[in-house]
Amino acid sequence: MKVNLISDTVTKPSEGMLEAMFAAQVGDDVFKEDESINTLETDLAKLFGVEAALFFPSGTMANQTAIKLHTQPGEQLICDHYSHVYNYEGGGVSFNSGVSCKLIVGDRGRISATQIEACINPPDFYHSPKTSLVCLENTTNKGGGAVYDFNDMIAIRALCETHNLALHLDGARLWNALEVTNEAPAAYGKIFDTISVCLSKGLGCPVGSVLLGSKAMIDQAIRIRKVFGGGMRQSGYLAAAGSYALKNHRKDLREDHRKAKEIETVLSTCTFVDKVQPVSTNIIIFSLISTFSELDFISKMRKQSIDLIALGKGKLRMVTHRDYTRKQHDHVLTTLTKMN
Ligand SMILES: *Cc1c(COP(=O)(O)O)cnc(C)c1O
């Protein structure tokens, strides 16, 4: 038995998903003639109460497109110092858009309106980069799956309006947040200018992200996606997986969250564990006591066929997902308990 907890991207398509992919009606999406892509985009736009949506091969490309849409070279965006757009998109913010990041040390990846306000450069002070965009992440990745309080995001929206800033949500794991809070996706559509969502994380698709926004935004986004090399042809096979996942897999996120909580509970009783971050969704971040190195721990776990990753700075991470079975889960809990 191999247990892979390095990420929620390691899943394989379920049988039903594969059948839906086989049965997909496809066309050439560069000519916008792929029925399955068009259906997925229309359905998601409707779900979020926005005018339009656009399918992307990756979350990175969807985020990078959004940043390109909202900024001009030389400008600055504001985000948490843990954010994916800053840490894990290969420096695309500067490479693609010529933009710098003003970083905020938030609370597990979440930033507040007060913190953001303090980072906005005065628009008439031409010595500083012009602040043009705020990027939030929900749930947070490096922040350990933390979920925003909706009222905090409303306050950020109001601040952005006052200061004429665009607001983008990196919602790679927004599905996890929605599962925990029971919020309506349309509430998000109302307060963000653009939202990116992943289909290949918790929902279990092989590939795919979608960018949501107004028709004017998405019309521009198609051009940027083309420039980035993200115009795909018969991508409807992938969209069919997405539509299947939205209908059939969303509710299973609850089980991922439950298992993550159970791992948190066991870890917090382990004498070799120093700290476990509060688990809100499907990501568990923890650190070990100083006499136990992360590398030793990872190799001990690997001997029991359990894979996890080190995040650096003494932090370890496990992520639960839909291919992480109850049987595997029992094996993980037992292994941790026995290591005590
Ligand atoms: C995974 C992830 C993305 C997108 O990553 P891709 O691998 O390019 O699909 C974006 N933001 C966050 C927070 C993520 O966790």
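## Around the ligand

Let's start with the company the ligand keeps: helix α3, which covers residues 59–70, supplies three residues to the shell around the ligand, the largest share. Keep in mind that you are looking at a predicted model.

Who else is there? The ligand is surrounded by S58, G59, T60, N63, H84, E89, E137, N141, D170, A172, R173 and K201. Sort these shell residues by character and you get one nonpolar, six polar and five charged.

## Polar partners and burial

Now zoom in on some side chains. In N141, an N or O atom of the side chain is 2.9 Å from an oxygen atom of the ligand. K201 also faces a ligand oxygen, with 2.8 Å between that oxygen and an N or O atom of the K201 side chain. For D170 the ligand atom is a nitrogen, and it is 2.6 Å from an N or O atom in the D170 side chain.

How much of the ligand gets covered up? On its own the ligand exposes 380 Å², and the protein buries 83% of that. As for where the ligand sits, the space it takes is the largest pocket.

## Cysteines without partners

A quick reminder: a disulfide is a covalent bond that joins the sulfur atoms of two cysteines. How many disulfides does the structure hold? The count is zero.

Two cysteines show why. The closest cysteine sulfur to that of C101 belongs to C79, but at 4.4 Å it is too far for a bond, since a disulfide needs the two sulfurs within 2.5 Å. C160 has its closest cysteine sulfur in C135, at 9.8 Å, and that is too far for a bond as well.

## Two backbone spots to look at

Which peptide bond is cis? Look at the one from N138 to T139, with omega near -5°. You can find T139 in the loop between β5 (131–137) and α7 (150–162).

The other spot is K32, which lies in the loop between α1 (15–22) and α2 (35–48). The phi angle of K32 is near 60°, so check the sign: phi is positive here, in a residue other than glycine.

Definitions and conventions: Residues are numbered from 1 along each chain as its sequence is written. This is a predicted model: local features need pLDDT of at least 70, side-chain atom pairs count only at pLDDT 80 or more; totals for chains, interfaces and linings use all residues. Side-chain values use heavy atoms; hydrogens and water are left out. A residue is near a molecule or strand if one of its heavy atoms lies within 4 Å of it. A polar contact is a pair of N or O atoms within 3.5 Å; within protein, one must be able to donate a hydrogen and the other to accept it, and residues adjacent in sequence count only if both atoms are side-chain atoms. Accessible areas come from the Shrake-Rupley method with a 1.4 Å probe; for residues, only the protein chains shown count as cover. On a 1 Å grid over the protein atoms alone, a cavity is a set of points where a 1.4 Å probe fits but cannot get out, and a pocket is an open set with protein on both sides within 12 Å along at least five of seven lines; lining residues have an atom within 4 Å of a point. A molecule sits in a cavity or pocket if more than half of its atoms lie within 2 Å of its grid points. Helices (H or I, at least four residues) and strands (E, at least two) are DSSP runs, numbered from the N terminus. Ala, Val, Leu, Ile, Met, Phe, Trp, Tyr, Cys and Pro count as nonpolar, Asp, Glu, Lys and Arg as charged, and the others, Gly among them, as polar.
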